[in-house]
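Work through these exercises with the structure open beside you. Try each task before you read its solution.

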4 protein chains.
Amino acid sequence: MIGTHSITSGRMDMTGMVTDLREFRSLDLPTLDSFIFGGWEIRSSTLMDGAEELYRVTRSISAETLAASLPFLEEVQRNVRPGVTFGLNRLLSRFPDVVLPRDCAAASVERLRQDIRDFRKSNGIERVIVVNVASTEPLPTRPLDWSTPEAFAAAVGGDDDRLTPALLYAYASLLEGCPYLNFTPSAGTEVPGLSALALANGLPHSGKDGKTGETLLKTVLAPMFVARNFRVLAWEGFNMLGNRDGLILDDPGSNSAKIANKDAVLKKTLGDRLGHTRTRIDYVPSLDDWKVAWDYIHFEGFMGTRMSLSFQWNGCDSMLAAPLVLDLVRLLCHEHSRGAVGIQKQLAVFFKNPIGTGENDFIAQHFELLRHYR
Amino acid sequence: MIGTHSITSGRMDMTGMVTDLREFRSLDLPTLDSFIFGGWEIRSSTLMDGAEELYRVTRSISAETLAASLPFLEEVQRNVRPGVTFGLNRLLSRFPDVVLPRDCAAASVERLRQDIRDFRKSNGIERVIVVNVASTEPLPTRPLDWSTPEAFAAAVGGDDDRLTPALLYAYASLLEGCPYLNFTPSAGTEVPGLSALALANGLPHSGKDGKTGETLLKTVLAPMFVARNFRVLAWEGFNMLGNRDGLILDDPGSNSAKIANKDAVLKKTLGDRLGHTRTRIDYVPSLDDWKVAWDYIHFEGFMGTRMSLSFQWNGCDSMLAAPLVLDLVRLLCHEHSRGAVGIQKQLAVFFKNPIGTGENDFIAQHFELLRHYR
Amino acid sequence: MIGTHSITSGRMDMTGMVTDLREFRSLDLPTLDSFIFGGWEIRSSTLMDGAEELYRVTRSISAETLAASLPFLEEVQRNVRPGVTFGLNRLLSRFPDVVLPRDCAAASVERLRQDIRDFRKSNGIERVIVVNVASTEPLPTRPLDWSTPEAFAAAVGGDDDRLTPALLYAYASLLEGCPYLNFTPSAGTEVPGLSALALANGLPHSGKDGKTGETLLKTVLAPMFVARNFRVLAWEGFNMLGNRDGLILDDPGSNSAKIANKDAVLKKTLGDRLGHTRTRIDYVPSLDDWKVAWDYIHFEGFMGTRMSLSFQWNGCDSMLAAPLVLDLVRLLCHEHSRGAVGIQKQLAVFFKNPIGTGENDFIAQHFELLRHYR
Amino acid sequence: MIGTHSITSGRMDMTGMVTDLREFRSLDLPTLDSFIFGGWEIRSSTLMDGAEELYRVTRSISAETLAASLPFLEEVQRNVRPGVTFGLNRLLSRFPDVVLPRDCAAASVERLRQDIRDFRKSNGIERVIVVNVASTEPLPTRPLDWSTPEAFAAAVGGDDDRLTPALLYAYASLLEGCPYLNFTPSAGTEVPGLSALALANGLPHSGKDGKTGETLLKTVLAPMFVARNFRVLAWEGFNMLGNRDGLILDDPGSNSAKIANKDAVLKKTLGDRLGHTRTRIDYVPSLDDWKVAWDYIHFEGFMGTRMSLSFQWNGCDSMLAAPLVLDLVRLLCHEHSRGAVGIQKQLAVFFKNPIGTGENDFIAQHFELLRHYR
């Protein structure tokens, strides 16, 4: 939101946004100043608190940007409603600032739907895109095998213990006719029952898990090892991060969910030529909003010669994710307006684990994006 | 040659060779055991000496490989003739083991042509591919503007001081009907007069400067910065190497030639979004045949946020270059046999500075290679 | 042993050995050619097999060195006896090449003592130094609180389930009048009952856990952060290794033992100024005998400015450890011959977790070593 | 100055200042709130401009710190006088914001002396410590061999073309009875004639070139390679920086001066065991006040095994240098008040190239500092 406001007020340009590339300029994408923000939040802190934190702790925004954004954020804050926490009791016990309403699943969904209807009405708008940018939820312990909208509805009715907020948000959104984006590794519209619901309701959707840092580099570099016919003896990735996402990933369940998405990428691209791989994500509080990653790639070339490549990445997590979320909203809004329905495979380049496609080569994904919109 | 022998004798597989990829298996490429090697050398040392050095100093081949290869190298050594040094007196004065025949340009060319004819005759073969894998020559101080074969011939006749061995080898090869590959940054068939000669004689050719290490990574990574709409504030590359190539690059002239090729790559891909760039190549004797490169990339993303990526590459130069030379010979031989003529643009992926094409994105080049041979 | 033979036969110099420094040359240290090797082994493979592996897999020794060493190793092999495995059944089940004699503790000790007596007799020597260079054992689950030699003897007599081979080797050695060195993180002579036994028997001893790589660097770098009054916000260490030690460290118990020693070092030096720290040791098979470590140090300086230092270490584990073992044997032998008794604190520089002293600054430890022997 | 004010006003603590260590607390050092700042400047910009730049470009201070410091800086600005530029015409032609008074050397010195007298008088103080924190000057082309105060005076009288501002500031300071600190690699009180003048006038002095980043690490790490008896095959250091210092170092003369100081350190510590070394300092504008350094150390251990260590340093130059300047002023002030005269060797730890001592091991220097003040 701060980014959007900074751009629309002329303080910043669109660097970091893919839809700012020359190739997208002739498309009739919604402009940033047509965006109206709203959302759900489970903590008691406000958007303004979050902005203060970005300034004071991370220093990723300047005092001027903070000051200029606060009035805008106060306006958006009016569109923020309490989120749902169904199924997350164990995890959330570590976060004392989380208010825990104890709704059942069906009541949670009903409340979310009402929030969407209110948001539409009070802002006088029709098209609402819902994006999951919440922290990672633990991996389900049993398969999410609801294969029809009806099966999903029954699960909601019966407070199935595999349900999590991510699934309820997605469900409520689809029921209310909102295109849906899953920017997290949590479960989403890849669940067959939800995917079928999106089709039934004529909605486009996409996901999952925004590709912002170390995994981005993996999908950029791994294809080279294939193209040069190298054997990757080991690819070891070490991630450190210090923000709330990092704290949540200190929970083994959430950590596994995230790592599963990160590891899959290499296996898909390298297949048999991958020997050993391991991805670690560690919480290092002092890094705040910064992600420091170090990957070590041990590989074998001609005549059995063993060589290595290592890289160190210093990225600001929010500032890498935010522009991609804006890009995705613009593109999904565009798709919705022209009647596209179902999984939007052309958006694979934005995701660590793109649903509906097996393509993981970053540049191939990028070419596909360009081709689609040309 | 050691690699070829190791593969044909079953001691090694083709890891590191691009033409070993599944996509090339249905092509009728010449097999490695059909290769007959020969060449020119300006030093007094033999192929066997070079192999000893690879074993003893670099340890890039094992004692077993050395022992197994020596008889094969002794056989090849019979096909090795003295090279030419026209125009390199200053540079070569630093290499006491170089025998310096003082032929004029025309006599040098005549000798090289006779060597090719002898090689063909004594080995009973027709198709000869000539590859320049010599050390880097200094950049020409004036443009190599010979625009026709006749102009080039006149330069040879007049001992033009811009002529270097690389140009004389290329010229002799084309005159003898040999397809030509320039694996070095030295001048080659991009000179208009030579390019025209290749066309006139119905020969395919390609170049220049094999893309084996740091530049390979540059062409892999730079497109990501474009695709994600980042501004590259600085891309600083530091290369260290310790073999004869490194020693030659300690000469400012040769160093400039090499760096020009390395820098161009980023400018072509990043264009306006590249702020500052510098490439350094330093001779560090103890590294022997190993190249250690460290690149630091400072970039700006959303909201003016400055982030960085750095990588450390430890590669064995010979073992990265050798398989690509074999690939190129196989592919150019194939092209020649099916009548292809002129610059082979589909081979761009193999070169730092591909002649005849502006495409520098590694994966785009790789896709083009696959597309062409599909 | 290969190193010793290479040096005494004039093939290599003493680079990497601390006792080769000028400061030690006037001391009357035992020369390497006076060493007679022997030992215990629990695997069925021989010293010659190990040497083959060093040559073939790690390439850390050359074919010439291998060939030159084999006769020497065959001679030593005659002095190698089966080791003991009391208490390690769970761990050893992962190593099919380990022969598992099922002796009770007392019988194990008796066998080891007889081995030492035989070794003395058959080689006609008096002074035997015993060094633990076995793989890391799991941390004890309860304190090793035997406070007297008698209490320890009772534990042995009662097959106490906290006993491990490391403790039995140490006990047998001290009973046989052998000075003892613990080069591993396993339990050793820091156990009060064993320490008291060493005193009672007039024996010098030292330990524990040889300081060869990442921890060495920690003790070199950490004092700088103190001396410059920086606050260390985070020190995150990632170790990868691929040899048998690495495989053993894949066992969570052994891993904890090793990490406890590695983490302690920073806490001792940095105290309150250390924020967060974590050490990881991961098994990466392709690295064989090489250890690759990457440490990231996030620190705060003047005006709350946050800066960082990271380092990448590529070391050959055996080649870093071996010379230190030789140094320690020479120095402990020297101490024994001049009647020194008890913990040899001046040897702290060789150990990650030096027993008997709180000094962890590498250079301070080095100065203490030099001072002692001056 | 901003740091001092931040500390005295209670906004920041003394992290990064060596004299804040426990060991110095019992010494009667001058407190920061007793400091009165003044100085010379050759640019037209003010201290307030500099602070704005620190905030806006580098982001090394916050908006709050900037706002809080401006009134203090305005006060100090009254004590800032125009500097001298004698002998720097060529270099300064690249800096359009430098006002160039064309005084002869003697008039420059006279003016500086009057400035010091005015500063003393208007602030009612007696003890003035002068510190050179200007940008690096080019290396002298001929030796600065003035061996007596008289010879130096004659050089000043004759406008000797080897004179530079650094020398004139030092000379004027010593004539006015001010202890002198040289925090730069420029010439200073190591010139025999100036050293003799300091002695004659009863003044303590020290230098030269503050040890803040890559060289600090060199003096921390190099002793380890000696202590472990490793052979350093190559130590290659690459420095990138983006501030005015960096711009000045783009001048080959200044660059050589800086590098000479940086290279000397390794040679002094490693002596014969150093094979190859090279230090590069490159100007990378986008880094602003940040210094990014990468060093690669190739070393040989036991059995000729070749290993490597590399490190990446991200430091904020000003924030590393500033606290050391404050430390040095406190300590030199203390020495002056207790009558110490001549080179203060105990301060070696603060300098890349400490005058008056050959000790370059950082920890040895630190121990010497502690010992002296104990």
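**Exercise 1. How many residues does the contact take from chain D and from chain B?**

Solution. The model is predicted, so keep that in mind at every step.

Step 1. Count each side. Chain D puts 27 residues into the contact, and chain B puts in 27 residues.

Step 2. Find the area. About 2,100 Å² is buried between chain D and chain B. Carbon and sulfur atoms give 54% of that area.

Step 3. Superpose the copies. A rotation of 180° with 0.0 Å of shift along its axis lays chain D on chain B, with an RMSD of 0.0 Å. The two copies are therefore related as by a two-fold rotation axis. The same surface serves both copies: 100% of the contact residues of chain D recur in chain B.

**Exercise 2. Which polar links and which elements make up the contact of chain D with chain B?**

Solution.

Step 1. Look for salt bridges. The rule finds six across the interface of chain D and chain B. One of them joins the side chains of D:Asp282 and B:Arg278, at 3.7 Å from N to O. The cut-off is 4 Å, so this pair counts.

Step 2. Add the polar contacts. Eleven residue pairs are in polar contact between chain D and chain B, both residues at pLDDT 80 or more.

Step 3. Name the elements. On the side of chain D that touches chain B, two or more residues come from each of strand 6 (231-241), strand 7 (274-283), strand 8 (290-300) and strand 9 (306-316) of chain D.

Step 4. Sort that side by class. Its residues divide into twelve nonpolar, seven polar and eight charged.

**Exercise 3. Describe the interface of chain B and chain A, from its area to its residue classes.**

Solution.

Step 1. Start with area. The size of an interface is often given as the accessible area lost when the parts come together. Between chain B and chain A, about 4,900 Å² is buried. Carbon and sulfur atoms give 68% of it. Three residues stand out: B:Arg228, B:Phe302 and B:Met303 supply 19% of the area that chain B buries against chain A, more than any other three residues.

Step 2. Count the residues. Here 64 residues of chain B are in contact with 64 residues of chain A.

Step 3. Count the polar links. There are two salt bridges between chain B and chain A. In one salt bridge, the side chains of B:Asp13 and A:Arg231 meet at 2.8 Å, N to O. The interface also has 20 residue pairs in polar contact, both residues at pLDDT 80 or more.

Step 4. Find the main contributor. Strand 9 of chain B gives the most to the side that touches chain A, with eleven residues.

Step 5. Sort by class. The side of chain B that touches chain A has 38 nonpolar, 17 polar and nine charged residues.

**Exercise 4. Is D:Leu309 buried or exposed?**

Solution.

Step 1. Place the residue. D:Leu309 is in strand 9 of chain D.

Step 2. Apply the cut-off. D:Leu309 has 1% relative accessibility. Buried means under 20%, so D:Leu309 counts as buried.

Step 3. List some neighbours. Beyond four places in sequence, D:Leu309 touches residues including C:Leu217, C:Phe311, D:Leu221 and D:Phe225.

Step 4. Check a distance. D:Leu309 and D:Val265 are 44 residues apart along the chain, and their C-alpha atoms are separated by 18 Å.

**Exercise 5. Where does A:Thr305 lie, and what is in contact with it?**

Solution.

Step 1. Locate A:Thr305. This residue is in the loop between strand 8 (290-300) and strand 9 (306-316) of chain A.

Step 2. Judge its exposure. A:Thr305 has a relative accessible area of 4%, so it is buried.

Step 3. Read its contacts. Neighbours within four places in sequence are left aside. A:Thr305 is then in contact with A:Phe299, A:Glu300, B:Ser60, B:Trp290, B:Cys316 and B:Met319.

**Exercise 6. Which residues does B:Ala170 touch, leaving out those up to four places away in sequence?**

Solution.

Step 1. Place B:Ala170. It lies in helix 7 (residues 165-175) of chain B.

Step 2. Read its accessibility. At 0%, B:Ala170 counts as buried.

Step 3. Name the partners. B:Ala170 touches B:Tyr180, B:Thr189 and B:Leu194.

Terms used. Residues numbered from 1 in each chain as written. Chains lettered and ligands numbered in written order. Predicted model: local features only at pLDDT ≥ 70, side-chain atom pairs only at ≥ 80, totals over all residues. Heavy atoms only, no water. Least-squares fit on C-alpha atoms with pLDDT ≥ 70 in both. Contact = heavy atoms within 4.5 Å. Buried area = accessible area lost by both parts, 1.4 Å probe. Polar contact = N/O pair within 3.5 Å; in protein donor to acceptor, adjacent residues only side chain to side chain. Helix = DSSP H or I, 4+ residues; strand = E, 2+ residues; numbered from the N terminus. Nonpolar A, V, L, I, M, F, W, Y, C, P; charged D, E, K, R; others polar. Buried < 20%, exposed > 50% of the residue type's maximum accessible area, 1.4 Å probe, protein only.
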